[in-house]
Amino acid sequence: MDFPNASMSRRGFLVSACCAAASPILTPASFAAVPGDNRFVTIILRGAMDGLDLVQPYADPLFAKLRPRLALTTDQGLIDLDGRFGLHPAAASLMPLWSAGELSFVHAVSTPYRDERSHFSGQDALETGTLQRNERSGWLNRALAHMPRQSDRKAIDINTSMDLILAGPNRAEAWAPQSDLAMAEDEIRFLERLYAGDEGFARVMAEARNTDLLADAIHGDQKRGEGIADMARLAAGLLSQEYRIASFSINGWDTHVDQRPQFARAVTDLSLAINTLKEGLGPQVWGKTVVLVITEFGRTARENGSGGTDHGTGGAALLAGGGIPGGRILGRWPGLSEDQLLDGRDLMPTGDVRELAAAMLYRQFDIAPDRLTTDVFPGLSFDNGSGYLRG
Amino acid sequence: MSISVPTLAAIRYGFGLRPGEPPPQDAQALLAQLPPAARAELRFPREGITGRRETAEKIIALRRAEAKATQNGKPNARLRQTTQQQANRLYRGDAVARIAQAVTSPYGFHERLASFWADHFAVNADKNLQMFMLAALHEAEAIRPHLAGPFRDLLKAAVLHPAMFFYLDQNRSIGPGSVAGLRNGRGLNENLGRELIELHTLGTGSGYGQADVRAAALILTGVGIDAPRLDIGYRPQRAEPGAFTLLGRSYGGEGRGEADHRAMIDDLADHPATARHICAKLAGHFLADVPPPEVVAPMVAAWTASDGNLTEVYRAMLEHPRAWQVGGAKIKRPFDFVVSGLRALDMPEKQFEAMMAAAMPQPDDEDEAPRRPKKNAPRHRNPGFARAMTIWALQRMGQPVWRPTSPAGFADDAASWLTPSQLAERIAWARMAAQWLAADREPADLLADALGDAAREDTIRVLGQAPNRVHGLAMVLASPEFNRR
């Protein structure tokens with residue numbers, strides 16, 4: 001079966017049918033005019049999420065040939081999205097978002113990272129936004145400096161250590177759900193004095209103090225757990241207050257062997273994270289939120305000999321939130337035939353995941369496109385006519 | 001500010017000062033630790049190397065029999081559960097022992113190198129049942145005996161080990177054109193080939209490509225675990241036939257066989273990019289997040305001159321003046337923080353060993369829930385407390401023993417570990433330690449024990465005015481200089 005490239009926009013973005021008719025036609029400028037209390041969440045799926053398993057091109061008979069053991073049918077629970085693609089059953093709890101136009105998928109995207117297919121270099125490229133190996137700051141950190149409104153520059157990594165995406169010269173924080181700075185006021189003052197002469201410690205102590213107060217209020221008397229839902233709940237709580245940007249990671253996507261159960265578990269985690277964010281933010285804030293879910297690269301189009309898939313190139317991203325062009329499968333679908341695959345093995349990347357990130361930064365925070373293509377994502381091709389900004 | 005060489009030697013190149021243990025006097029003394037340390041007794045695996053191989057082989061055999069029974073429609077859920085619990089318990093016991101080993105060993109430099117190399121050749125105990133039993137074995141028999149000799153011996157021992165094979169799916173990798181591959185359609189798994197090049201030897205960005213990764217994986221086909229024994233063996237029927245080119249050299253072809261992968265590993269060990277990669281990583285671990293090129297260059301030269309002898313590489317680093325420059329550029333990782341904290345506390349041996357025993361899995365706890373403590377038992381004998389001070393602390397701080405989230409090991413830079421959340425965890429640990437393990441001590445004495453002449457004037461002054469003794473003690477361990485090296 002051929003995939004008709006029917007609804008291609010200027011840059012060839014395939015837009016699936018679900019909500020196109022219902023959504024108002026918005027010009028790029030109207031996105032940029034949103035008042036300044038938007039929220040932005042990045043979720044990094046570490047280990048290379050198999051986009052072809054999450055959003056399966058099930059109407060293409062080649063898919064089942066490439067993946068005799070992994071491809072699902074609607075009889076096996078695959079959830080049809082638009083007649084061509086189907087959603088993995090472990091993501092069923094996301095369907096209300098899809099129907100409400102608060103969820104989209106982007107197929108066949110990647111960073112410019114090619115050939116070596118290493119998780120670590122792939123994640124470095126994803127988080128630094130460049131292929132410069134000596135770059136030690138993350139794109140989300142660099143973006144902070146270019147946000148016109150100072151109040152938007154409040155970012156937190158939900159983690160005990162700082163992930164690369166938010167590491168860098170601009171102030172960002174890290175706080176884990178289980179962390180607690182339970183001490184008397186005078187004891188805290190003494191620690192502040194202890195750290196006064198050490199710039200790094202003084203800074204993180206000040207941040208710890210502030211975040212701890214907010215986190216105490218969010219947790220209330222609930223148990224402080226370490227799970228995915230705890231991370232999402234804390235992120236939502238902080239974003240409901242003064243924070244505008246949050247980031248966390250979900251592991252468990254490196255499915256070389258017996259992919260089926262492992263992938264279903266990871267997708268359940270991801271669905272839980274997104275639903276918990278929505279619930280924690282409440283309808284009003286959720287309406288101003290964009291959740292960007294990205295991974296270092298996709299996996300091989302063919303399943304391997306161990307019931308899994310190996311490192312690939314073109315992958316998938318997710319957008320969720322009230323502030324996105326929702327209910328769509330974005331991206332230009334490259335096809336699955338031998339000559340359409342990259343090196344005869346991977347889904348051909350047809351879009352740059354950094355452009356998607358740039359579009360969301362532009363949309364949420366009015367960062368000037370020329371900043372996005374120089375400092376944030378050096379060398380990226382992006383402007384306010386990007387297909388990712390079209391509703 | 002100046003800090004004496006012995007203090008720096010203990011803090012920067014060991015797990016910190018420990019009362020009653022004379023610090024190494026100089027570079028020579030650090031290097032002199034290596035031969036006796038390799039012969040010293042090791043606390044893990046707890047049944048010893050031979051004992052662990054026997055236990056693990058037995059449990060794996062039980063599981064294999066159960067898997068067969070399941071195929072015949074007779075699954076044994078109870079057996080699956082008990083073997084999983086046994087494996088789990090072995091892991092948790094080893095993890096506690098790993099911490100105790102680093103605390104009590106007088107060979108701090110050797111212990112730090114063991115941590116470095118176990119991290120370089122990272123395996124993850126979480127991978128499966130086998131790995132819960134083998135992660136400790138990997139460090140004990142593949143890493144520690146080889147960390148002071150030729151790199152290529154260490155490389156072969158660390159890579160050609162059942163733990164690495166389970167972790168990186170080598171057992172699942174079958175030459176697609178081999179007898180076995182053609183028979184059952186199973187295929188190649190590139191994991192081990194990729195990490196061998198990217199992480200263990202050449203390093204990323206050193207000029208190899210996907211074709212090299214694939215060639216390495218193909219050359220490795222045929223090598224696998226010689227079940228039911230936990231040994232590495234070679235099965236020609238799984239080996240991809242033919243000749244393969246890796247970085248311009250050819251392997252296999254006529255006489256394709258067992259020697260091919262060994263020749264490849266030796267060539268990768270000898271490659272100049274490997275020397276550069278490893279020397280920079282060592283300097284990055286011990287000296288500064290961005291490895292000082294003036295130290296890396298003589299390390300690489302020593303590597304070349306000595307044919308990859310690691311003691312000579314360490315010597316080149318330690319004999320460079322930059323190695324003794326004061327600055328505290330490195331933030332201790334969580335494991336180093338906890339171990340150096342336990343060393344500084346100077347618990348009586350009996351009390352320390354009782355706490356380690358309490359942290360071990362208990363006969364009656366089948367899961368993570370700690371046994372209810374006996375009434376009036378001292379705190380250090382309380383399993384929940386003992387674990388909170390050791391394995392659980394590392395879990396919370398993000399560096400659980402032998403469970404890195406990727407084959408690249410744990411992060412090793414200040415940006416990753418100097419964060420508000422990390423600081424909160426360390427303060428909490430310091431407060432627990434101060435309250436329950438050191439409450440009868442004077443903060444100034446603990447400061448002298450923990451930091452010697454590395455204590456800052458600021459810290460001495462603030463401690464002198466602390467609002468209470470416990471907080472004073474906690475501030476020693478929470479101080480910037482105790483968390484830097």
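A salt bridge pairs a side-chain nitrogen of Lys or Arg with a carboxyl oxygen of Asp or Glu within 4 Å. The model used in these exercises is predicted.

**Exercise 1.** Find out how many salt bridges the rule finds across the interface of chain B and chain A, and check R484(B) with D198(A).

*Solution.* Start with the count: the rule finds three salt bridges across this interface. Now take the pair. The closest N and O atoms of R484(B) and D198(A) are 2.8 Å apart. The cut-off is 4 Å. The pair therefore qualifies as a salt bridge.

**Exercise 2.** Describe the interface of chain B and chain A by its contacts and buried area.

*Solution.* Count residues: 57 of chain B are in contact with 48 of chain A. Next, the area. About 4,200 Å² is buried between the two chains, and carbon and sulfur atoms give 55% of that. Then look at polar contacts: 19 residue pairs, both at pLDDT 80 or more, are found across the interface. Several helices of chain B each supply at least two residues to the side touching chain A, among them α11 (191–200), α20 (391–397) and α24 (457–464). The most comes from α22(B), with eight residues. Finally, sort by class: this side of chain B has 21 nonpolar, 21 polar and 15 charged residues.

**Exercise 3.** Decide why helix α8 of chain B is largely enclosed by the rest of the structure.

*Solution.* Locate the helix: α8 of chain B covers residues 151–159. List its buried residues: F151(B), R152(B), L154(B), L155(B), K156(B), A157(B), A158(B) and V159(B). Eight of the nine residues are buried, so the helix is largely enclosed by the rest of the structure.

Methods
Residues numbered from 1 in each chain as written. Chains lettered and ligands numbered in written order. Predicted model: local features only at pLDDT ≥ 70, side-chain atom pairs only at ≥ 80, totals over all residues. Heavy atoms only, no water. Contact = heavy atoms within 4.5 Å. Buried area = accessible area lost by both parts, 1.4 Å probe. Polar contact = N/O pair within 3.5 Å; in protein donor to acceptor, adjacent residues only side chain to side chain. Helix = DSSP H or I, 4+ residues; strand = E, 2+ residues; numbered from the N terminus. Nonpolar A, V, L, I, M, F, W, Y, C, P; charged D, E, K, R; others polar. Buried < 20%, exposed > 50% of the residue type's maximum accessible area, 1.4 Å probe, protein only.
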